[in-house]
Amino acid sequence: MVLIDCHTHTQYSMDSEADIHSCAEHALEAGLAAYGISDHCEVNCWYPAEHYEKQGVDMSLSDYYNYAADFEASLSAVTRLKEEYAGRLNILCGTELGQAHHDTGLADRIVSDERLDYVLGSVHQIRNEKDFYFINYRQYTPEQLHGLLKRYFTEIYELCCWGKIDILSHLDYCRRYMKCGYQIDFDISVFDEIIAEAFRELIKRGKGIEINTSGLRQGFGDTFPGLKYAKLFRELGGEVLSVGSDSHTPEDIGANVRDGVNIAKAAGFEYIAYFRRHEPVFLSIS
Ligand SMILES: [Zn+2]
Ligand SMILES: [Zn+2]
């Protein structure tokens, strides 16, 4: 079976210590047809903290970290790694760009970097809220939780309308924190219409979504998104489906990507895809 992993982190992400060379060795061992490195870059934390304080942003909501330095370090290291492994491993240079829609002018500038093969688009934090990782979900009534998620999916739609992401990351990953940390299992079907609108924005630009397999190894028990939304994307005419482990250690590279490919097949896809120079490359899985 042809396997790819287009969502992985290295030592150039603030939440990972994965040595980039160990990562490449693990990707080789895993026999990946494409290995994409996508270190974090949160658009709302690009400038030094003082920049945001001067603008009156409530910095207590964000666990501030300067992503600009890591972005440069990651892209330089991945560019060197590509040369080092040329002919042996198909390495793609990506970034996991968070909250691009909060500052599209800056995001335009970041993604114009010619070293990038692809951009994963994520929403980790919505306006006037903490990062989903840090939210105490018990403080919300069911109605408030509905409101929070409605704003989240509306921002996902806004991100897709920006038009410069290649792959939409982990569509419904915040359910992991709710279910695993707070035993709240929220049915997101009520947002299917806005999700379909977001998918249509991607589809008309020839862009895609990912099957993020991290939920399978982190106790959630499903991928982000699961089969239902992979099917919806296909039914709406989507052709570009990627797979990523969201690994933060070398050992997790390629974890459960086989399950991701099986979901792709079950959803009716005959190909999985990765991006080189922002153009999709399709690999047959039938
Ligand atoms: Zn993410
Ligand atoms: Zn990630």
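**Warm-up: the turn after H7**

Right after helix H7, Gly206 has a positive phi of about 75°. Helices (H or I, at least four residues) and strands (E, at least two) are DSSP runs, numbered from the N terminus. The model is a predicted one, where local features need pLDDT of at least 70, side-chain atom pairs count only at pLDDT 80 or more, and totals for chains, interfaces and linings use all residues. Residues are numbered from 1 along each chain as its sequence is written, and chains are lettered from A and ligands numbered from 1 in the order in which they are written.

**Exercise 1. Check the length of H7, then find its buried side.**

Step 1: H7 has 13 residues, so at 1.5 Å a residue it should span 18 Å; the rule is 1.5 Å times one less than the number of residues. The C-alpha atoms at its ends are 18 Å apart, which agrees.

Step 2: pick out the buried residues, which are Ile195, Ala198, Phe199 and Leu202. Buried here means 20 or more other C-beta atoms within 10 Å of the residue's own, exposed means 12 or fewer, and partly exposed is in between, with C-beta atoms placed from the backbone.

Step 3: look down the axis of H7. Its buried residues fall within an arc of 100°, so they line one face of the helix; the arc is that of the directions from the helix axis to the C-beta atoms.

Step 4: flip to the other side, where Glu193 and Lys204 are exposed.

Step 5: find what the buried residues of H7 pack against: H5, S5, S6 and helix H9 (227-235). Contact means C-beta atoms, placed from the backbone, within 7 Å.

**Exercise 2. Do the same for H5.**

Step 1: H5 covers residues 142-162, and its 21 residues should span 30 Å at 1.5 Å a residue; the end C-alpha atoms are 30 Å apart, which agrees.

Step 2: the buried residues of H5 are Leu149, Tyr152, Phe153, Ile156, Leu159 and Cys160. Down the axis they sit within an arc of 110°, so they line one face of H5.

Step 3: on the face turned away from that buried side you'll find Glu143, Gln144 and Gly147, which are exposed.

Step 4: the buried residues of H5 pack against strand S4 (118-122), strand S5 (167-168), helix H6 (174-182) and helix H7 (192-204).

Step 5: just past the end of H5, Gly163 has a positive phi of about 90°.

**Exercise 3. Walk across the sheet and place S6 in it.**

Step 1: write down the order. It's an open sheet of seven strands, S1-S2-S3-S4-S5-S6-S7, with parallel pairing. Strands count as paired if DSSP finds at least two bridges between them.

Step 2: check the edges. Strand S1 (4-5) and strand S7 (241-244) each have a single partner strand, so one side of each is left without a neighbour in the sheet.

Step 3: go to S6 (residues 208-212). S5 pairs with S6 in the parallel sense over two bridges: Ile167 has Gly208 as its bridge partner, and Leu168 stands opposite Ile209.

Step 4: on to S7, which pairs with S6 in the parallel sense over four bridges. Here Glu210 has Ser242 as its bridge partner.

Step 5: sort the S6 residues by direction. Gly208, Glu210 and Asn212 point one way, Ile209 and Ile211 point the other way, and all are buried.

Terms used. Two residues are in contact if their C-beta atoms, placed from the backbone, lie within 7 Å.
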